[in-house]
Amino acid sequence: MAQDLREGLLLGMGNPLLDISATVGSDFLKKYHLESNGAILAEEQHKPMYDELIEKYKADFIAGGSVQNTMRVAQWFLEKPKIATYMGCVGTDKYSKILEDRARADGLNVRYQYTNKEPTGTCAVLITGNERSLCANLAAANCFSPLHIEELENKKLIDAAEYIYVSGFFLTVSPETIQTVARHAYENNKMFMMNLSAPFLCEFYKKPMLDALPYVDILFGNETEADTFAKVNDFQTTDRKEIALKITQMEKINKKRQRIVVITQGADKVLVAKDNSIIEFPATKLPPEKVVDTNGAGDAFVGGFLAQLVQGKNIDICVKCGVWAATEIVQRSGCTYEGKPNFIPC
C-alpha cells in the first residue's frame, strides 16, 4: 500500500523540458523537415519554430521531459508525496519556475541543477491528427554536470533510492553520470532501469548505450526503438520476440537477477522477455475519436509500471498498470491527468 512507501524510494534522472504543444498541419512539418511520430533533437534550422508556435498557434505549455513525465505519473498512482526524486538541469528563468511548481504540485521531490549558460529546455510537440512529432531543444538540460550528484544532499537521495530510472535521452547529456549511478546500483544491488527512448539514440549514441546496458535490470522501449536497436547491433532478425530475448541475453554485470525487457507496440500487445521466455499482454485499443494525443503514452506506461514495481507487485500487475496509465494519458493533451487513478489490478 502507498502508506507503507518511504520517501526517496525511486530516483529518476533525465532532461527537464517545457513542452510547447500545438496542433499543426503537414505543411508545418515539411517546413521544418520533420516527420510525424518522429523524435529528434533540434538543429539550427528548428530554432525559429518555437517562437512561431507561440505566436501563430494556440500552443499549450506543459511540464515535460520523458523521465519527469514518468516520475509524475508514478507519483499520481502512489498518492504520497516525495516517493520519487527527480534530477535534471534547467535554466534560471520563468520556465524553470513553472516546471518546478508543477512537478512539486504533482508530489515530485525536484532536485534541479541550475545553470546561467542556457535557458530552460523546450520540446515542440507537433500534433497532426492522432500523430505527433517531437523536436527537443535541450538548452539547459544539456548542461547537467556530474558535480550535481556529488552534492551532499543529492548523494543522500541517491543512497536512499532502491530503484533508479534513466532515459536514453540522458545519454546525449551525461553518460558519465549514468555510469556513476549505474555502478552505484550494481554495488548496492539496487534496481537500475533504462529506456531506449528514441531510434536515433540506438543509432547515433550506440557506444554510451552499450556501455550502460550491462548494468540494466529492466529495459523499456517501443517497437521502432527495438527494431532500430536490433538492426544497429546486427541481430539479424526482425522478429520482436527474438529481439527482446536477445537483449535479455546481452552482457549483464549483476548476476543476482536476469534482465527483463519490455517492448510496447502502441495498441498491439506488450512483449515482456523474462527468464528466457516471452509473455504477451494485451494493450487497449481505443476508438480513434478518443485518442487526443499520443505524446507521453510511453512515459505514462513506465510511470504506471514503476508505481507497482516499487510496491513489490509482480510483473503482470506492473505491465497492466502501465497499459492502463498509457490508455488514460492518450485521451488528454500532453502527459496530464486528473482526479485519482482508479486502476484495479486483476
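Leaving aside neighbours within four places in sequence, which residues is alanine 267 in contact with? In this predicted model, they are Ala283, Thr284 and Lys285. Alanine 267 sits in the loop between β12 (260-265) and β13. With a relative accessibility of 34%, alanine 267 counts as partly exposed. Arginine 72 is 195 residues away from alanine 267 in sequence, and their C-alpha atoms are 23 Å apart in space.

Thr284 leads on to another residue. Beyond its neighbours within four places in sequence, threonine 327 is in contact with Thr284 and Leu286. Threonine 327 belongs to helix α12. Its relative accessible area is 11%. Buried means under 20%, so threonine 327 is buried. The side chain of threonine 327 also reaches back to its own helix stretch: the backbone oxygen of valine 323 is 2.7 Å away.

Now turn to the packing of α12. Two packed helices are described by the angle between their axes and the distance between the axes. Helix α12 covers residues 315-329 and packs with α3 at an angle of about 110°, the axes being 12 Å apart. That angle makes α3 roughly perpendicular to α12. On the α3 side, the contact is made by Val73, Trp76 and Phe77. On the α12 side, Cys321, Trp324, Ala325 and Ile329 meet them. By class, this contact has 7 nonpolar residues, with no polar and no charged ones.

Helix α3 has another partner. Spanning residues 66-78, α3 packs with helix α11 (residues 297-309) at about 45°, with the axes 7 Å apart. The two helices are therefore oblique to each other. The crossing of α3 past α11 is right-handed. From α3, the residues in contact are Ser66, Asn69, Thr70, Met71, Val73, Ala74, Phe77 and Leu78. From α11, they are Asp299, Ala300, Val302, Gly303, Gly304, Leu306 and Ala307. Sorted by class, the contact of α3 with α11 holds 9 nonpolar, 5 polar and 1 charged. Val73 and Phe77 appear in the contact with α11 and also in the contact with α12.

Asparagine 295 comes shortly before α11 in the chain. It is in the loop between β14 (277-281) and α11. Is asparagine 295 buried or exposed? Its relative accessible area is 8%, so asparagine 295 is buried. Setting aside neighbours within four places in sequence, asparagine 295 is in contact with Asp19, Val125, Arg132, Leu134, Ile329, Gly334 and Cys335. One of these, Ile329, is also among the α12 residues that meet α3. Asparagine 295 can be related to α3 as well: serine 66 is 229 residues away in sequence, yet the C-alpha atoms are 9.9 Å apart in space.

Next, the backbone. Most residues other than glycine have a negative phi. Glutamate 79 has a positive one, near 55°. Glutamate 79 lies in the loop between α3 and β5 (84-91). Its relative accessibility is 46%, so glutamate 79 counts as partly exposed. Aspartate 275 also has a positive phi, near 55°. Aspartate 275 is in the loop between β13 (268-274) and β14. At 47% relative accessibility, aspartate 275 counts as partly exposed.

One more helix pair remains to be described. The axes of α9 and helix α10 (residues 240-248) come within 10 Å and cross at roughly 65°. The two helices are therefore roughly perpendicular to each other. Here α9 passes α10 in a left-handed crossing. Glu223, Ala226, Asp227, Phe229 and Ala230 of α9 make the contact with Arg240, Ile243 and Ile247 of α10. The contact of α9 with α10 has 5 nonpolar and 3 charged residues, and no polar ones.

Threonine 228 lies in α9, which spans residues 223-232. At 17% relative accessibility, threonine 228 counts as buried. Where does the side chain of threonine 228 reach? It reaches the backbone oxygen of threonine 224, at 2.9 Å. Apart from neighbours within four places in sequence, threonine 228 is in contact with Pro199, Cys202 and Glu203.

Definitions and conventions:
Residues numbered from 1 in each chain as written. Predicted model: local features only at pLDDT ≥ 70, side-chain atom pairs only at ≥ 80, totals over all residues. Heavy atoms only, no water. Axes fitted to C-alpha atoms, helices over the stretch in contact; angles between N-to-C directions. Helix = DSSP H or I, 4+ residues; strand = E, 2+ residues; numbered from the N terminus. Parallel < 35°, antiparallel > 145°, perpendicular 65-115°, else oblique. Left-handed = near helix turned anticlockwise from the far one by under 90°. Contact = heavy atoms within 4.5 Å. Nonpolar A, V, L, I, M, F, W, Y, C, P; charged D, E, K, R; others polar. Buried < 20%, exposed > 50% of the residue type's maximum accessible area, 1.4 Å probe, protein only. Polar contact = N/O pair within 3.5 Å; in protein donor to acceptor, adjacent residues only side chain to side chain.
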